[in-house]
Amino acid sequence: MTQTPTPAAAATDTADDGTAQIALQRHTDAKKAERKLGLLLVAPAVTIMLAVAAYPILYAFWLSLQKADLRRPDANEFVFLDNYVTVLSSSIWWTAFGVTMFITIVSAFLELVFGMILAIVMHRTIVGRGLVRTSALVPYSIVTVVAAFSWRFAWTSDLGYLTPSGAAPLTEFWPSIWIIILAEVWKTIPFMALLLMAGLALVPEDLLKAASMDGANAWKRFWAITVPLIKPAILVALLFRTLDAFRVFDNIFILTSGANETSSVSMVAYSNLIRGLNLGIGSTMAVLIFITTGIIAFLFIKAFGAAAPGSDSGGRK
Amino acid sequence: MQTETTQRKLMWWGVNILVLLYAFVPVVWIISLSLKDDATLNDGNYLPSSPSGESYAAIFSNPDFLRALANSIGICAIATFVAIVFGTMAAYAIARLDFPGKVTIVAVSLLISMFPQIALVTPLFKIETALGLFDTWPGLIIPYITFALPLAIYTLSAFFREIPWDLEKAAKMDGATPYQAFRQVITPLAMPGVFTTAILVFISCWNDFLFALSLTSTSNARTVPAAMSYFTGATTFEKPTGPIAAAAVVITVPLVIMVLLFQRRIVAGLTSGAVKG
C-alpha cells in the first residue's frame, strides 16, 4: 500500500497506448472504490465518537456561559464569563486542583518507578515467568471500585488489618491523600509495567552483553543503554498515566467521598452537577478540566517530543 | 557453578513472591471479609476464623443487587458487541485501505481515549434528560461505546497489521471465491485479535463507575459498581461491610478468571495498541 507502482509507467513498456489507458482507468476506479469503502467502514465509529464526545463538549462550553441552575430553571440567562470568574476565584476549586495535581504527579512518578521494577522482573526472571506475568494482571483486571473498597476497609479502625487500634487515617487530610495514591498506584503499576516491558523486549541483548564485558555494572547498563533505548515507551506510558491520573474519581469517591478537602477536580464537578444540580458551574469546571488535560498533553509532546502513538501508527499504515 | 545457579534461582523466587504478595494481598483481604460472619467481622484479622456464606446469602436475596448484576452484564455485553462491530470495520479500513482523513481519525480517537469523562457527564446528563435516555440501558450503553471505540480501533488495527494478507490472494489464486477466502483464511487469523479486544473493551465497561453513578437514579440501569456505593445496612448508619465485600468478589472473580485464562493474549493486546517502535 505504501508504494503502488504507477500502471501507466508499467504499461508503456508494452508500447501500447490503449492498454495503458485502460489500466490507468482501472487503477483510478479501484482507488476510488477503495476510498469509498474506507470512508464507509469508518463512518459509524466516527459518527458515534463525534456525536457523543465532540458535540457534548461544545454543548458544555455553551452551558458554561449560562446561569443554568436546575433548581431555578426560570432564572436561566446568558452570563458570559461569570461562571468562570466564580469558579476561578473559589478556594474549593483551587484546593481540588492542587490535590489533583499532587496525586497525579506523585502517583505517575511512583508508577513509573515500580512499573519499571515490575517490568524488569517480568522480563528477566529465570523462574516462574508465566506465574509472575499472570499475577501482575490481577490488579489490572479488578474493578477500581472493588479495589477502593478493599483499601477503605483495610484502613478503617477496628475493621482493617492495616489500621493501628484507635487510628482513623481516612478522616485526616494527609493520610487520606497517601491512601488514595496507594490505591491508584496499586491498580495501575501492571499497565505501566506491560507498556515498559514491550519496550524492554526491543533492547538488543548483545549490546547489554558487550557493555557488561567492557565492565559496566547492571546499574550503569540500565541508565546508559536501556533507558535511552526505551525512552519512547517511557514517555508514552507516562503521558497515558498522567492524563488518566488527572481524572481520578472512583478511588476518592469510595475512600473519602471528598471529605476533609480531599476532592479532586472531577469530584468537585460531580458534586456541583449531581448534588448541587448546578449545570452552569458544573459545565464550567468540565471545560476547565478539558482545557487542563489538553495543556498537559501539549506540554508532554512539546517538552519531551513524545510521539503520540496514533501519529506513529498512522504514518506507518 | 551449581550452587551459583541455585542461588540465583532462589533469589528470583524471592522476588517473585514479592510480586505475588503485591498482587494478591488486597484481593485475598476482600475475599476474606466477604467470608467473615457478623461476630468476627470487626476483629481486624486478615483471615476469617470461622468462614460463613451469610454475606453471599444476603446479596443474592437482595433484588437491587440482582438487578444491578443483570444491568452490568447486559449493558457491558451490548456495548462491547457494538463497539467491536464498528471498531472492526474502522480498524480494517485503517489497517488495509487508503482513504483521506485516516490520520485524523486515529488522532481523534486518541484524543477521546484521553478525554476526562467528567467533562462529558454534565452535558450528557442534560442531553439524556431531554431525550428521555437518563436512567435507561441505552443511556449508559451509548457513552460506553464511545469510550470503548478508541480502544477497540487501536488494538484491532494493531492486530490487523500483523495478519499476512497475501494469504487471501493466494487462496483466490487457488480458486477460492472472495467470500471463501475471507471466511476460511482471514477470519481464523483475525479472530484471536477480535476476541482479545472484546475482553479489553468488556473490562473497561465493567470497570466504569462515573457514568453509572451520574446517568442513573434508580436500580433501572444502575450497574454493580454504582449499586455497591448505595448499599445500606440494617440501619442507615451501619456500613454493610460483608455484603459490599461479597458483591465485590462476585463481580471480580469472573473477570480475574477470564484474564488469567487469556493472559498471553491480553498482554499482547494491551501492548500492541499502545507502543510500537
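# Reading the values in a two-chain model

Mentor: Of the 277 residues in chain B, 47% are buried. The model is predicted.

Trainee: What makes a residue in chain B count as buried?

Mentor: A residue is buried if 20 or more other C-beta atoms lie within 10 Å of its own, and exposed if 12 or fewer do. In chain A, buried residues make up 40% of 317.

Trainee: Why is Val256(B) called partly exposed?

Mentor: Val256(B) has 16 C-beta neighbours inside 10 Å. The buried class begins at 20 and the exposed class ends at 12, so Val256(B) counts as partly exposed. Val256(B) sits in helix α11 (residues 241-261) of chain B.

Trainee: What does Val256(B) touch, residues up to four places away in sequence not counted?

Mentor: Val138(A), Ser141(A) and Ile142(A). The cut-off for such a contact is 7 Å between C-beta atoms.

Trainee: How many residues does the contact take from each chain?

Mentor: Chain A gives 83 residues and chain B gives 86. On the side of chain A that touches chain B, helix α2 (residues 17-64) of chain A gives the most, with 19 residues. By class, that side has 59 nonpolar, 17 polar and seven charged residues.

Trainee: How do you know which elements each chain has?

Mentor: From the assigned secondary structure: chain A has 14 helices and zero strands, while chain B has 12 helices and zero strands.

Trainee: Why is chain B called more spread out than a compact globule?

Mentor: The radius of gyration of chain B is 23 Å, and the globule rule gives 19 Å for 277 residues. The value is well over the rule, so chain B is more spread out than a compact globule. Along its principal axes, the C-alpha trace of chain B spans about 75 × 75 × 35 Å.

Trainee: What share of the contacts in each chain joins residues at least 24 apart?

Mentor: Taking contacts between residues at least 6 apart in sequence, the share is 76% in chain B and 66% in chain A.

Trainee: What makes helix α12 (residues 265-275) of chain A largely enclosed?

Mentor: Eight of its 11 residues are buried, so α12(A) is largely enclosed by the rest of the structure. The buried ones are Val265(A), Ser266(A), Met267(A), Val268(A), Ala269(A), Tyr270(A), Asn272(A) and Leu273(A). After α12(A) comes Leu277(A), with a positive phi near 50 degrees.

Trainee: What is notable about the phi of Asn260(A)?

Mentor: The phi of Asn260(A) is near 55 degrees, positive in a residue other than glycine. Most residues other than glycine have a negative phi. Asn260(A) lies in the loop between α11 (250-255) and α12 of chain A.

Trainee: Why is Asn260(A) called partly exposed?

Mentor: Asn260(A) has 15 other C-beta atoms within 10 Å. Partly exposed covers what lies between 12 and 20, so Asn260(A) belongs there.

Trainee: Which loop holds Asp135(B), and what is its phi?

Mentor: Asp135(B) is in the loop between α5 (118-131) and α6 (137-162) of chain B. Its phi is positive, about 65 degrees, although Asp135(B) is not a glycine. With 17 C-beta neighbours inside 10 Å, Asp135(B) is also partly exposed.

Trainee: Which residues touch the most other members of the largest nonpolar core?

Mentor: Leu196(A) and Ala148(B), in a core of 169 residues. Beyond its neighbours within four places in sequence, Leu196(A) is in contact with residues including Gly115(A), Met116(A), Ala119(A) and Ile230(A).

Trainee: How do you know how confident the predictor is in each chain?

Mentor: From pLDDT: chain B averages 86, with 94% of the residues at 70 or above, and chain A averages 84, with 89% scoring at least 70. For the complex, the predictor gives an ipTM of 0.89 and a pTM of 0.87.

Trainee: Which elements of chain A have the lowest and the highest mean pLDDT?

Mentor: Helix α14 (residues 309-316) of chain A has the lowest, 39, and helix α4 (residues 91-124) of chain A the highest, 94. Over residues 1-14 of chain A the pLDDT is below 50. Residues 308-317 of chain A also stay under 50. Where pLDDT is low, the predicted coordinates should not be read in detail.

How values were computed:
Residues are numbered from 1 along each chain as its sequence is written. Chains are lettered from A and ligands numbered from 1 in the order in which they are written. This is a predicted model: local features need pLDDT of at least 70, side-chain atom pairs count only at pLDDT 80 or more; totals for chains, interfaces and linings use all residues. Helices (H or I, at least four residues) and strands (E, at least two) are DSSP runs, numbered from the N terminus. Two residues are in contact if their C-beta atoms, placed from the backbone, lie within 7 Å. Ala, Val, Leu, Ile, Met, Phe, Trp, Tyr, Cys and Pro count as nonpolar, Asp, Glu, Lys and Arg as charged, and the others, Gly among them, as polar. A nonpolar core is a set of buried Ala, Val, Leu, Ile, Met, Phe, Trp, Tyr and Cys residues joined through C-beta atoms within 7 Å. pLDDT is the predictor's confidence in each residue, from 0 to 100. The radius of gyration is taken over C-alpha atoms; the globule rule is 2.2 Å times the number of residues to the power 0.38.
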